[in-house]
Amino acid sequence: MPATRGAFAQLLAPGLMSVIYEDLSEHPEEYSQIFNVHPTTRAYEEDQLVAGLGAVPSKPEGQQLYLDQPIQGGSYRYTVASFGLAFQVTREMWDDDQYGIMTKVSGDFAGSIRQTIEVNAIGILNNSFSTSATPVTTVDGVSLINSAHPLLGGGFYSNASATNVAFSVSGLQELILIFELTPNERGLLKRQIPVEVWGHPNLQFKMQEVLHSSYAPYTGTNEINSVQGRVVPKINHYFSSPYAWWMLGAKSAHTLKFFWRTQPEFDRWDDNSTKGANFSCYFRQTQGVTYWHGIAGSPGQ
């Protein structure tokens, strides 16, 4: 019995949809290894920066206690964006397809979804430096990786390497100290703990050598490698620079956030005027970073 036009999309869809879902899960998500992923039911999410109390001052005998209060800073808004893609299969293509072309097209569909999600997310780090054409700024108004983050209580602090230091033992030592000496907004020592270091796949072998060697790598002096095992090396295939690298604390210590408003949805419908079938995907999401704590980096060289 010939396929009727009313049943055409339904006949084609089950195989395509299953392949798309399989292709989406073929490779592990990379963005979720870095970002704090949350659901949202709103058009936007917003964070507010507030500095707590300062250090406790001395109290002279008979004098009243010093009265302090929190300091309100800026806010950061995560605005949800919509994404969609469609393709059409002609009736003739469906009738004459002898080689599984439509299955291959569905694989492209899944790859397009994955590419958009991963690139959107990791773009926060790709554009984190002040030298970027469109730097990602945080709640304090400067780029995520910056040598002069203004503190609400006065002063500045850097979460960037002093020079564009390449990934190395000395570079790791510099960023570890940036973490351990980080102040809060009132200038009090926060002492963050670095957990991971992230880089382009081109850096993966050097990262393993530097972080897993018992002795200082690339030298013949046999001094102890002071950074061995200090952080876990990680790679992301969507970093744009083969030289840049970032040090991160635990997810609870940084505010790299990814919000899902609508997970990928798929639809299908017949086109009675052409006898073809249409297929589409749609999703809504946003990503960003509220604050610079828990993150340090270098553009490398």
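Valine 37 has phenylalanine 258 as its bridge partner in β10. That pair belongs to a parallel match between β1 and strand β10 (residues 256-271), held by four bridges. Keep in mind that what you're looking at is a predicted model.

Stepping back, β1 and β10 are part of an open sheet of four strands, ordered β1-β10-β11-β4, with mixed pairing. The edges are taken by β1 (36-39) and β4 (81-89); each has a single partner strand, so one side of each has no neighbour in the sheet. From one strand to the next, the twist averages 30 degrees.

What does asparagine 36, a residue of strand β1, touch beyond four places away in sequence? The list is Lys251, His254, Leu256, Lys257 and Phe258. One of these, histidine 254, offers its backbone oxygen 3.3 Å from a polar atom of the asparagine 36 side chain. And is asparagine 36 buried or exposed? Its relative accessible area is 15%, which is under the 20% cut-off, so asparagine 36 counts as buried.

Now for the other sheet. This one is also open and has four strands, in the order β8-β7-β9-β12, again with mixed pairing. Here β8 (232-235) and β12 (295-298) sit at the edges, and because each has a single partner strand, one side of each is left without a neighbour in the sheet. Ignoring direction, neighbouring strands are turned against each other by 25 degrees on average.

Strand β7 (residues 196-199) and β8 run parallel and share four bridges. Within that pair, tryptophan 198 is partnered by lysine 234 in β8. On the other hand, β9 and β12 run antiparallel, also joined by four bridges, and methionine 247 stands opposite alanine 296 in β12. Here are the strand pairs side by side:

| Strand pair | Direction | Bridges | Residue pair |
|---|---|---|---|
| β1 and β10 | parallel | four | valine 37 and phenylalanine 258 |
| β7 and β8 | parallel | four | tryptophan 198 and lysine 234 |
| β9 and β12 | antiparallel | four | methionine 247 and alanine 296 |

Which way do the residues of β12 point? Ile295 and Gly297 go one way, Ala296 and Ser298 go the other, and all of them are buried.

Two helices go with this sheet. Helix α5 (residues 169-180) packs on it and touches β7, β9 (245-248) and β12, with its direction at about 40 degrees to that of β9. Helix α6 (residues 204-212) lies across β7 and β8 and runs at about 175 degrees to β8.

As for the whole protein, it has six helices and twelve strands. Of its 301 residues, 44% are buried. If you take contacts between residues at least 6 apart in sequence, 73% of them join residues at least 24 apart. The exposed surface comes to about 15,900 Å², and carbon and sulfur atoms supply 53% of that.

How far can you lean on the model? The average pLDDT is 89, and 89% of the residues score at least 70. The exception to flag is residues 1-6, where pLDDT stays under 50 and the model has six contacts beyond four places in sequence. Where pLDDT is low, predicted coordinates shouldn't be read in detail.

Technical notes. Residues numbered from 1 in each chain as written. Predicted model: local features only at pLDDT ≥ 70, side-chain atom pairs only at ≥ 80, totals over all residues. Heavy atoms only, no water. Helix = DSSP H or I, 4+ residues; strand = E, 2+ residues; numbered from the N terminus. Buried < 20%, exposed > 50% of the residue type's maximum accessible area, 1.4 Å probe, protein only. Contact = heavy atoms within 4.5 Å. Areas by Shrake-Rupley, 256 points an atom, 1.4 Å probe, with all protein chains shown as cover. Pairing = 2+ DSSP bridges. Axes fitted to C-alpha atoms, helices over the stretch in contact; angles between N-to-C directions. Polar contact = N/O pair within 3.5 Å; in protein donor to acceptor, adjacent residues only side chain to side chain. pLDDT = per-residue confidence, 0-100.
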